[in-house]
Amino acid sequence: MYWIVLIAAAVLTAFLVWASADIGSGVYVRALCRRRTGKAVVALTFDDGPDPVTTPEVLDVLRRHGVKAAFFVTGEKLRSNPETVRRTVAEGHILGNHTYRHSAFFPLMSGRGVAEEIEKTQIAAEEIAGVRPLLFRPPFGVTNPIIGGAVSRAGLRCIGWSIRSLDTFENRSREEVCRRIADRLHNGAVILLHDRCKDAGRLTEMVISAVENEGFDIVPLDELFDMDVYEKRS
């Protein structure tokens with residue numbers, strides 16, 4: 001009996017860890033991670049910006065290739081880099097909510113704390129870029145019942161990914177990161193990148209070329225999922 005209890009506890013613990021750590025689990029909040037489609041299309045998404053140096057480099061590359069992407073920004077960096085944010089929206093890219101501070105303690109916050117992190121970023125986006133995002137991506141892709149409830153009450157859609165680039169690992173060359181993405185390409189993929197990383201512009205150039213060489217088209221996230229991305233103004 002003792003061993004049965006231990007095994008059951010271990011299984012339950014493993015399930016809860018998976019449910020929280022895997023944004024695609026759908027246990028606490030449904031996240032859009034890929035589109036089931038027969039079309040060879042993918043979407044590019046960037047997290048953790050805007051950065052005053054690397055985000056403009058990424059935007060330059062996207063503009064040259066005529067590619068539209070989604071940027072999940074933190075409210076703190078949004079307020080620190082207003083011109084970059086305005087350029088992002090003006091050039092047709094999507095702005096998403098990635099909390100205000102991207103704190104490592106975000107999953108441990110109370111419901112009130114989570115709601116404040118989300119709403120402060122909404123307010124910053126509206127004041128600076130004139131939009132209120134409908135898309136949200138939790139830091140590190142971690143969810144729990146509190147985060148799920150706050151996202152639902154805020155009327156936001158949670159966006160995950162189906163291809164994680166691991167571009168934040170500095171010991172990985174940009175070539176390795178690009179190969180990782182190319183090896184995992186599939187119809188309806190959502191690719192996770194970070195515009196705050198060193199050489200983000202060069203990596204973006206490489207990824208676009210690799211995706212197109214594999215016969216895939218890059219489409220905006222709202223086109224991939226056929227959804228609205230901003231609150232409609234009255």
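This report describes the overall build of a predicted protein model and then a few of its local features.

**Overall build**

The protein chain contains 9 helices and 9 strands, and its C-alpha atoms fill a box of roughly 65 × 40 × 35 Å along the principal axes. A compact globule of 234 residues would have a radius of gyration near 17 Å, and the 18 Å of the protein chain agrees with that value. Of the 234 residues, 53% are buried, and among contacts with a separation of 6 or more, 77% join residues 24 or more positions apart. The accessible surface comes to about 11,500 Å², with 53% of it belonging to carbon and sulfur atoms. The side chains include 30 positive and 30 negative ones, and the centres of these two sets lie 3 Å apart.

**Helix α6**

Helix α6 spans residues 145-153, and its buried residues are Ile 147, Gly 148, Gly 149, Ala 150 and Val 151. The cover over these buried residues includes α5 (111-129) and β5 (135-136). At the N-terminal end of α6, Asn 144 acts as a cap, with a side-chain oxygen 3.0 Å from the backbone nitrogen of Ile 146. After the helix comes Gly 155, which has a positive phi near 75°.

**His 93**

His 93 sits in the loop between α4 (82-90) and β4 (94-97), and because its relative accessibility is 4%, under the 20% cut-off, this residue counts as buried. A polar atom of the His 93 side chain lies 3.0 Å from the backbone nitrogen of Ala 69. When neighbours within four places in sequence are left aside, the residues in contact with His 93 are Leu 59, Leu 62, Val 67, Lys 68, Ala 69, Phe 71, Thr 88 and Tyr 230.

**Backbone features outside helices and strands**

The peptide bond from Gly 49 to Pro 50 is cis, with omega near 0°, and Pro 50 belongs to the loop between β2 (41-47) and α2 (54-65). Two aspartates have a positive phi, and the table sets out their values.

| Residue | Phi | Place | Relative accessibility |
|---|---|---|---|
| Asp 199 | near 65° | loop between β8 (189-194) and α8 (200-213) | 33% |
| Asp 226 | about 50° | segment after α9 (221-225) | 67% |

Neither Asp 199 nor Asp 226 is a glycine, although phi is positive in each. With its 33%, Asp 199 counts as partly exposed, whereas Asp 226 is exposed at 67%.

Definitions and conventions
Residues are numbered from 1 along each chain as its sequence is written. This is a predicted model: local features need pLDDT of at least 70, side-chain atom pairs count only at pLDDT 80 or more; totals for chains, interfaces and linings use all residues. Side-chain values use heavy atoms; hydrogens and water are left out. Helices (H or I, at least four residues) and strands (E, at least two) are DSSP runs, numbered from the N terminus. The radius of gyration is taken over C-alpha atoms; the globule rule is 2.2 Å times the number of residues to the power 0.38. Buried means under 20% relative accessible area, exposed over 50%, partly exposed in between (1.4 Å probe, protein chains only). Contact means heavy atoms within 4.5 Å. Accessible areas come from the Shrake-Rupley method with a 1.4 Å probe; for residues, only the protein chains shown count as cover. Lys and Arg count as positive and Asp and Glu as negative; His and the chain ends are not counted. The place of a charge is taken as NZ of Lys, CZ of Arg, CG of Asp or CD of Glu. A polar contact is a pair of N or O atoms within 3.5 Å; within protein, one must be able to donate a hydrogen and the other to accept it, and residues adjacent in sequence count only if both atoms are side-chain atoms.
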